[in-house]
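Work through the exercises below with the structure open beside you. Try each task before reading its solution.

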Number of protein chains: 2
Amino acid sequence: MPSPSQYDLTTPYLAVDLDVLDKNVTAMAALASDRGLSLRPHAKTHKCLEIAARQLDAGAAGVTVATVSEAEVFVAGGCRDVFIAYPLWVDRARGARLCSLAERCSLRIGVDSAEGAEMLARYTAGGGAFEVMIEVDSGHHRTGVAPDAAGDVALAAVGAGLRVRGVFTFPGHSYGPSSAGPAAADEARALAGAASSLRSAGVDVQVLSGGSTPTAALTKAGPVTEIRPGVYVFGDAQQLELGTCAVDEIALTAAATVVSRAPGRVVLDAGSKVLGADRPAWATGYGRLADHPDARVSALSEHHATVTWPSTSVPPALGTVLRVVPNHVCSAVNLADELVVVTGGAVVDRWRVAARGANS
Amino acid sequence: MPSPSQYDLTTPYLAVDLDVLDKNVTAMAALASDRGLSLRPHAKTHKCLEIAARQLDAGAAGVTVATVSEAEVFVAGGCRDVFIAYPLWVDRARGARLCSLAERCSLRIGVDSAEGAEMLARYTAGGGAFEVMIEVDSGHHRTGVAPDAAGDVALAAVGAGLRVRGVFTFPGHSYGPSSAGPAAADEARALAGAASSLRSAGVDVQVLSGGSTPTAALTKAGPVTEIRPGVYVFGDAQQLELGTCAVDEIALTAAATVVSRAPGRVVLDAGSKVLGADRPAWATGYGRLADHPDARVSALSEHHATVTWPSTSVPPALGTVLRVVPNHVCSAVNLADELVVVTGGAVVDRWRVAARGANS
């Protein structure tokens, strides 16, 4: 029986091009290997066991997640090395869950304050065969301590009975035009400074973990030993506009139907409940069309994408199915229960978004 | 056994204050009744069978939805009068689903083009005991035909064998500072114009349906017979900033924990995967705190809300649980699998977000 065509499906849905995905997975693994960097992809982007398995098969050392519940999904799915790259605030319930995880995988947990380290130690007492990573602020000004204060947090962690493995940062200020170069330099400087702060405090540092998709190609081994890019598996409209990927490297698109037309615009049936509402100030719209580079999603409602069509071509007819590139693919994936996997337009599989909504 | 306190739960989660919700439901029902308007709340906001039941008990004539799959959820849950207020593009599969729905409820379906009406008729031939509503553009410039073209679309629908019940519009341009008044006037004018266009074409008009939460209190019977507000059940930070609701009318908040602190800011564990990333240009941030009116969610990542804290008060300690008001509550609800229902701080129920992700 022939595989069904993806165009027989009811829109809207998220489609993954398997060939492009595999190329992206392989390319990032090669980049990390060539530079002597350990690769620990952030699984929050895809939330799929099948994609984590492909990343690990290609050489990833483990996966990164943002929440305890994401860790639980990936460990239940067979991942054996997990880093929760988030400064968890641990209570009794979360402590018990972390102890259970630590019995089943090699576990690293983020911390960015002495109080956070003490809570983690208190509620995992005796049960915690995990390691701690101290989070450092490299310029994104979100979580993380200043590099020169990292040693104090590490000392507090050690004092509470925890084992410190290293330091990490997320150079989120790499998301902006021409920002990746300076952010990568900030990242290297912050990790080196934090490592120095830990060593001054007498705490050994084995892992210096950084990396975002925009900075990955700019990262050098030495001040960094490990990178944690996430978005690279799929790409998205943000990465297109930042120049981090080309349109033929986009592995995930939303299939959407033209439901309404007016002069200069068409309206598609994929809105913010399919694409996500992310729109950084520097973006040219709420998303792009993979096959129409000059069209822009100029407005987004929950079930409508209004696409401004270039005057140089005729807008597509009602009923046409178009491929929309979401601005931020992590948000789009987290709205879907499954991804439709296609090769050459044929549906070859469906992958469950196993960690969808795993926020706690 | 006492009810568990909501503060024993692991954050982040969405909490519904049942008393406030019931007040909001009752108040909108009274407003509609006082003005002689039929109320057909948009269920895309809450996606919960329990809330639809409360709205119907309070006098709503039926519910509004945006997709066929939302209609399927609410009909399976007992709703007997459903309006799909969206210009569906109907193929064979969707046509069969609409015929099945029409056997189980009183069904209205939106149309905004002659081609759309013809597709609807073709794929529901003989099975469609439903009525059609012609969508009109009242100034939001999304979907809908110009009012004076509504008669042509209605004639095409009638010619294809469909029954036309009336016209509808969504005055989405009411979402902006001082925009609700002009948008309500535009809405009344567009519906009246469309009704006149239908009558000139010899098509009877029984329903003139409009209404958004910002315009509901400005709507008068006559040019409008039915309103479809959605957000009013919960309120959100957009409505606060538009002046459509007060903070004590906010029925849904995200409970989030302070996980990190730095001078002038705290970071909470509810990010865009809990709150949604919606941020209109006129909003003062990505969300508000229910109990701290001068604080603002100034940046949002997937699992981080960065809150800029006013210099006039001391930021809360690590581990403090705060109530975050999302910018756009429809987006927040669609990210959650369930809502935690509380009264006076005690958990009294959990409601499933039954139509979560129902986009097709």
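**Exercise 1.** Find how many bridges join strand β4 (residues 81–87) of chain B to strand β5 (residues 106–111) of chain B, and state whether the two run parallel or antiparallel.

Solution. This is a predicted model. Step one: count the bridges between β4(B) and β5(B), which gives five. Step two: compare the directions of the two strands; they run parallel. Step three: pick out one pair of facing residues, such as B:I84, which stands opposite B:I109 in β5(B). Step four: look for a helix against the sheet. Helix α3 (residues 68–76) of chain B packs there, touching β3 and β4 of chain B. The direction of α3(B) makes about 170° with that of β4(B).

**Exercise 2.** Write down the strand order of the open sheet of eight strands in chain B and name the strands at its edges.

Solution. Step one: go across the sheet from one side to the other, which gives the order β2-β9-β8-β7-β6-β5-β4-β3 (chain B). Step two: note the pairing, which is parallel. Step three: read off the two ends. β2 (38–39) and β3 (63–65) of chain B each have a single partner strand, so one side of each has no neighbour in the sheet.

**Exercise 3.** Trace how β10, β11, β13 and β14 of chain B are joined, and give the direction of each pairing.

Solution. Step one: start with β10(B), which is joined by four bridges to strand β11 (residues 265–268) of chain B, running antiparallel. Here B:V258 has B:L268 as its bridge partner. Step two: inspect the turn. β10(B) and β11(B) form a hairpin with two residues between them, and B:G264 in the turn has a positive phi of about 85°. Step three: move on from β11(B) to strand β14 (residues 305–308) of chain B; four bridges join them, and they run antiparallel. Across this pairing B:R265 faces B:T308, and B:L268 faces B:A305. Step four: finish with strand β13 (residues 292–300) of chain B, which four bridges join to β14(B), again in antiparallel fashion. B:V297 stands opposite B:V307. The hairpin of β13(B) and β14(B) has four residues between the strands.

**Exercise 4.** Describe the crossing of helix α5 (residues 114–122) of chain B and helix α6 (residues 150–159) of chain B.

Solution. Step one: take the axes, which come within 8 Å and cross at roughly 20°. Step two: classify the angle. Angles under 35 degrees count as roughly parallel, so α5(B) is roughly parallel to α6(B). Step three: give the hand of the crossing, which is right-handed. Step four: list the residues that meet: B:A114, B:A117 and B:E118 in α5(B), with B:D152, B:V153, B:A156 and B:A157 in α6(B). By class, this contact has five nonpolar, no polar and two charged residues.

**Exercise 5.** Work out how chain B is related to chain A, and which surface the copies use to meet.

Solution. Step one: lay chain B on chain A. A turn of 180° with a shift of 0.0 Å along the axis does this with an RMSD of 0.0 Å. The two copies are therefore related as by a two-fold rotation axis. Step two: find the residue of chain B that comes closest to the rotation axis; it is B:A277, at 2.6 Å (C-alpha). Step three: count the contacts, in which 45 residues of chain B touch 45 residues of chain A. Elements of chain B that each supply at least two of these residues include β4, α4 (92–104) and β10 (252–262). On the side of chain B that touches chain A, 15 residues are nonpolar, 21 polar and nine charged. Step four: compare the two sides. 100% of the interface residues of chain B are also interface residues in chain A, so the copies meet through the same surface.

Methods:
Residues numbered from 1 in each chain as written. Chains lettered and ligands numbered in written order. Predicted model: local features only at pLDDT ≥ 70, side-chain atom pairs only at ≥ 80, totals over all residues. Axes fitted to C-alpha atoms, helices over the stretch in contact; angles between N-to-C directions. Parallel < 35°, antiparallel > 145°, perpendicular 65-115°, else oblique. Left-handed = near helix turned anticlockwise from the far one by under 90°. Contact = placed C-beta atoms within 7 Å. Nonpolar A, V, L, I, M, F, W, Y, C, P; charged D, E, K, R; others polar. Least-squares fit on C-alpha atoms with pLDDT ≥ 70 in both. Pairing = 2+ DSSP bridges.
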